[in-house]
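Biologist: I have the sequence open and would like to go through the model one point at a time. Please show it first.

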Amino acid sequence: MSQAPQAPQATHDTQAPQTPGKRQAMADHATPLVRNAWYVAGMSGEINRDLKQRTLLGKTVLMYRTLAGDPVIMQDRCPHRNFPLSKGRLDGDRVVCGYHGMNFTPDGQCVFMPALTRAPSHVRIASYPVVERSPLVWVWLGDPDRADPALVPETPWLSDPAYKTVNGRFHVRTNYVAMHENLLDQTHFPILHAGTGIGTPEYSRSTMDVRVDGDRVHLVRALLDAPAPDIYGIPARLKDRIVDRHSDGWFASPALHYAHARIVNKAPRAGERIEYRYTITHVYTPETQGTIHYWWFNSRDTYLDDPETDRFLVESSVKAYQEDVDALGWIQEVVERETEPFEELSFGPDRPGIAMRKILLRLAEAETRDAPENQAAA
Amino acid sequence: MSQAPQAPQATHDTQAPQTPGKRQAMADHATPLVRNAWYVAGMSGEINRDLKQRTLLGKTVLMYRTLAGDPVIMQDRCPHRNFPLSKGRLDGDRVVCGYHGMNFTPDGQCVFMPALTRAPSHVRIASYPVVERSPLVWVWLGDPDRADPALVPETPWLSDPAYKTVNGRFHVRTNYVAMHENLLDQTHFPILHAGTGIGTPEYSRSTMDVRVDGDRVHLVRALLDAPAPDIYGIPARLKDRIVDRHSDGWFASPALHYAHARIVNKAPRAGERIEYRYTITHVYTPETQGTIHYWWFNSRDTYLDDPETDRFLVESSVKAYQEDVDALGWIQEVVERETEPFEELSFGPDRPGIAMRKILLRLAEAETRDAPENQAAA
Amino acid sequence: MSQAPQAPQATHDTQAPQTPGKRQAMADHATPLVRNAWYVAGMSGEINRDLKQRTLLGKTVLMYRTLAGDPVIMQDRCPHRNFPLSKGRLDGDRVVCGYHGMNFTPDGQCVFMPALTRAPSHVRIASYPVVERSPLVWVWLGDPDRADPALVPETPWLSDPAYKTVNGRFHVRTNYVAMHENLLDQTHFPILHAGTGIGTPEYSRSTMDVRVDGDRVHLVRALLDAPAPDIYGIPARLKDRIVDRHSDGWFASPALHYAHARIVNKAPRAGERIEYRYTITHVYTPETQGTIHYWWFNSRDTYLDDPETDRFLVESSVKAYQEDVDALGWIQEVVERETEPFEELSFGPDRPGIAMRKILLRLAEAETRDAPENQAAA
């Protein structure tokens with residue numbers, strides 16, 4: 001399993017002295033969504049021979065799979081009379097509009113209209129670049145000229161047979177900025193997650209090393225000689241044992257956050273391993289400015305075939321993430337409701353989140369600047 | 001029974017060679033509603049001695065019937081403190097406000113206020129011109145100076161004893177433009193209505209003759225030597241028999257579409273008639289820009305007293321129209337949700353609808369131009 | 001029990017000759033809410049050791065009570081990451097944010113943040129001036145420099161042991177202007193309340209004396225030698241007996257209307273009192289521009305310990321006020337729905353309401369003029 005490389009030229013920044021709360025130029029819930037990025041449209045298993053409608057980045061699309069098994073994501077609007085194509089049907093690989101029967105091939109080309117003797121071959125609709133990396137189907141909804149498959153974030157652990165992955169899904173009333181910040185923020189663990197096994201007090205006091213690597217943020221933490229939190233300890237059969245925890249988190253793109261955790265068994269007993277690995281993956285796709293599709297994955301390299309461990313990891317993940325989902329929903333309610341000018345105050349431990357929010361602001365501003373309507377004529 | 005006359009000077013236009021999809025200047029879901037027209041406020045039977053509230057063209061009105069039986073349609077807002085008069089009561093022919101008891105006669109004149117010793121005779125509210133042509137009550141919500149009863153569209157078949165009419169009603173999430181276009185469009189029959197008896201494949205391939213007659217569109221179609229579709233064949237006891245179908249459809253006004261169908265029995269058996277007549281009437285009254293009150297009527301000149309035929313026609317009409325209602329609701333959802341610039345592409349068979357949409361655009365633009373706020377001072 | 005003093009210099013205005021309906025410059029449902037006023041945030045019993053969220057004047061606040069019993073009303077938004085503090089918890093007198101654990105004292109001062117070794121002492125949130133006059137807790141949401149406790153309206157009868165008070169609460173879809181006007185308006189009684197005991201016909205014909213006293217309106221009415229309405233007659237055991245009624249109503253502030261009623265027993269029987277006193281108190285706190293929190297109180301000086309009288313007064317008050325609540329909800333629906341220009345017509349009996357609406361307009365306009373963004377730089 002590959003790990004994302006650490007850029008040697010990255011900015012290095014250790015825990016800064018505590019400074020007063022500051023106001024920062026950074027993305028927030030109202031910043032335009034970054035469009036030139038690969039986002040997950042759905043799980044491989046969700047996209048099949050049914051026509052499925054979903055809203056992604058505020059755009060409503062149609063998803064299906066060809067007879068050969070390739071996922072297709074198209075504009076869900078017939079260019080003739082606005083009928084949602086997802087209410088039509090499939091004829092082989094073609095989408096057939098349910099109103100007048102216009103036929104579109106997977107690339108968006110109109111190839112047949114029953115009432116016309118010749119197909120209107122000049123008619124095309126948007127078909128979006130798609131890359132499937134099972135179990136994820138990625139889509140590019142921005143400028144199609146920039147849709148480079150090489151930019152699809154790597155998540156090899158999700159299909160690596162050396163790992164067992166459990167997963168789940170939420171629909172959250174939040175903007176993706178707050179969700180990404182939540183994951184780069186270790187100081188909320190002992191408060192928001194006080195009641196769940198993931199929030200040990202030591203966690204918030206561990207040192208952290210934040211590196212900005214281009215458009216990514218890398219967060220390295222180590223917590224040595226402390227009891228294993230249940231979410232790592234129980235699957236490894238190391239409950240309450242003293243371990244070292246090494247965590248390696250990445251804001252990998254507007255669509256993705258993942259964290260590799262390495263648990264080192266400090267006093268291995270007979271037959272025990274010394275090291276256990278986990279990767280937690282969080283996939284966010286903005287549905288609208290204020291809602292997201294959220295998929296999470298917990299991958300482990302131990303007790304792969306144990307259904308009890310699967311069940312434990314699903315239950316404890318859902319319990320903990322539900323606390324985040326609730327909190328971020330309440331926050332979104334506040335920022336949507338309150339209309340008076342308000343700027344958040346930030347503190348030292350917010351550095352990873354701020355680094356990410358500056359990246360999202362920079363990317364969003366560049367897209368606004370490059371938008372055709374903002375370009376001077378040649 | 002009279003038929004609307006065909007204007008001899010009307011533009012004549014046979015099936016044009018298929019041209020590429022084109023963008024046209026024509027009314028769509030966002031075009032202001034035409035106000036200077038007679039619209040159906042309700043069925044005669046709906047308007048009675050109860051005060052009934054209804055929204056028509058975005059205006060909320062009050063409807064009732066005088067002791068003498070005349071329908072009254074008034075502004076549903078007391079000019080004193082905004083109380084909805086429909087929450088008050090009738091006292092003879094007068095509406096009594098439920099808050100302070102102001103009395104209004106059917107013409108909108110205030111004639112009594114309990115707290116005042118003299119009625120405030122300068123107070124009037126809007127009472128709209130009404131014409132009852134049973135079973136329809138028509139109202140004029142535009143410029144009252146232009147409310148000419150002679151302009152009320154004729155629908156004599158609805159009260160002609162030579163015909164039996166069944167009818168029904170829908171509340172549809174759509175703009176009237178899309179609904180009118182649906183009726184002038186024969187190419188959706190075999191697709192949208194594939195599962196119901198009205199969508200025989202021959203239908204979409206029959207020739208059509210489109211005439212624009214002032215503010216009306218006349219669509220003449222003939223389909224010869226083909227099996228009778230169930231909706232005509234079963235009531236006439238001609239199921240699966242070969243007939244000629246002559247159809248004569250009219251976009252008669254922003255409020256009304258009707259079609260006269262003549263079914264010719266090509267091989268009459270003993271005791272059978274040679275000709276059977278049907279008229280299908282569609283009445284649309286915009287409730288708001290994006291919703292309509294829709295009443296439909298199916299009138300036939302055969303088996304007038306047969307309840308089984310009534311039942312069959314109601315069931316098959318509702319089944320087919322529900323498909324249109326669903327489709328137009330989905331389309332309305334699309335056009336309301338999508339905010340990017342988008343123009344529909346049109347093709348040869350869309351000519352009747354386009355002719356109608358150009359008329360609605362012309363009427364709407366003339367009203368905007370003539371609006372008092374757009375007039376220069378004398 | 002004290003009564004609010006009558007200003008000798010007040011404008012005096014008896015029933016004017018009936019003039020045609022006029023349009024007036026006065027506050028309506030769209031006038032900005034007056035912010036520089038004491039409003040009731042809640043009943044004393046509602047504010048306790050739970051964190052309670054409520055929206056007042058469009059601002060969402062957090063309410064609780066310190067260990068010493070003092071009510072606290074604060075901004076319900078953490079300045080760090082927008083978490084609603086009402087979803088956190090109390091630690092002694094401090095509010096602890098549920099996301100990162102920031103601690104705030106009742107005055108809004110941040111005194112602890114778990115992730116920081118030193119508290120960010122420059123961080124404060126809004127804590128609003130509060131005055132408790134049991135059973136009411138008053139709050140000042142406007143300019144804090146003008147929050148003078150001496151301006152809290154006096155309602156001594158609510159805690160006077162010589163009186164027994166029953167009370168209730170409504171959440172109403174209305175603006176406070178319409179609600180205040182409803183109370184200053186005696187002509188709606190026989191119409192809107194025709195079915196309840198408070199609407200005797202004599203009521204609307206009694207003379208009234210309207211005085212404007214600064215920012216208050218005083219309405220004096222006397223109705224002599226008439227049968228007692230049930231709502232006064234039954235509690236005093238004077239049902240259907242002839243009494244004099246003296247009513248002394250006050251628009252006391254944007255937040256408060258009260259009326260003192262004196263019932264004089266014209267033919268006292270053995271053991272009967274000559275005079276009975278009631279005070280009806282109406283407390284309005286705008287939640288938003290179009291909704292209010294409404295608390296009502298009925299205080300009497302007779303049969304203090306009779307639960308049957310309590311029950312009767314609650315039931316008949318709720319029945320009558322529900323009619324107002326329904327009517328004002330319908331009116332609010334009308335004024336929110338209708339977008340065409342419209343001005344209410346007013347008549348002689350509307351004078352008390354108009355006087356109040358002119359005051360509210362003047363106060364609102366002064367606040368707009370004084371708002372920092374409307375001040376020229378020095």
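Biologist: By what rotation is chain C superposed on chain B?

Modeller: The model is predicted, so local features need pLDDT of at least 70 and side-chain atom pairs 80 or more, while totals for chains, interfaces and linings use all residues. Residues count from 1 along each chain as written, chains are lettered from A and ligands numbered from 1 in written order, and side-chain values use heavy atoms, without hydrogens or water. Chain C fits chain B with an RMSD of 0.0 Å (least squares on C-alpha atoms with pLDDT of at least 70 in both copies). The shift along the axis is 0.0 Å, and the rotation is 120°.

Biologist: What kind of axis relates chain A to chain B?

Modeller: Two copies of a chain are related by a rotation about an axis and a shift along it. Chain A can be laid on chain B by a turn of 120° with a shift of 0.0 Å along the axis, at an RMSD of 0.0 Å. That relation is therefore the one given by a three-fold axis.

Biologist: Which three residues supply the most of the area that chain A buries against chain B?

Modeller: In this interface, 29 residues of chain A are in contact (heavy atoms within 4.5 Å) with 30 residues of chain B. The two chains bury about 2,500 Å² between them (accessible area lost on being put together, 1.4 Å probe, summed over both), with 58% of it on carbon and sulfur atoms. A share of 29% of what chain A buries against chain B, more than from any other three residues, comes from R77(A), R81(A) and Y99(A).

Biologist: What is the bridge partner of G42(B) in β11(B)?

Modeller: In chain B, three strands (DSSP runs of E, at least two residues) form an open antiparallel sheet in the order β2-β11-β10. Its edge strands are β2 (38-43) and β10 (130-133), each paired on one side only. Five bridges join β2(B) to β11(B), residues 136-140 (a pair needs at least two). Within β11(B), the partner of G42(B) is V137(B).

Biologist: Is S299(C) buried or exposed?

Modeller: S299(C) lies in strand β18 of chain C, residues 291-300. Beyond four places in sequence, its contacts include W157(C), Y163(C) and R277(C). Because its relative accessible area is 0% (the cut-off is under 20%, with a 1.4 Å probe and protein chains only), S299(C) counts as buried.

Biologist: Which side chain does the side chain of S299(C) join in a polar contact?

Modeller: T165(C) and Y278(C) are among the residues in contact with S299(C). A polar contact of 2.8 Å (N or O atoms within 3.5 Å, one able to donate a hydrogen and the other to accept it) links the side chain of S299(C) to that of T165(C).

Note on methods
Helices (H or I, at least four residues) and strands (E, at least two) are DSSP runs, numbered from the N terminus. Buried means under 20% relative accessible area, exposed over 50%, partly exposed in between (1.4 Å probe, protein chains only).
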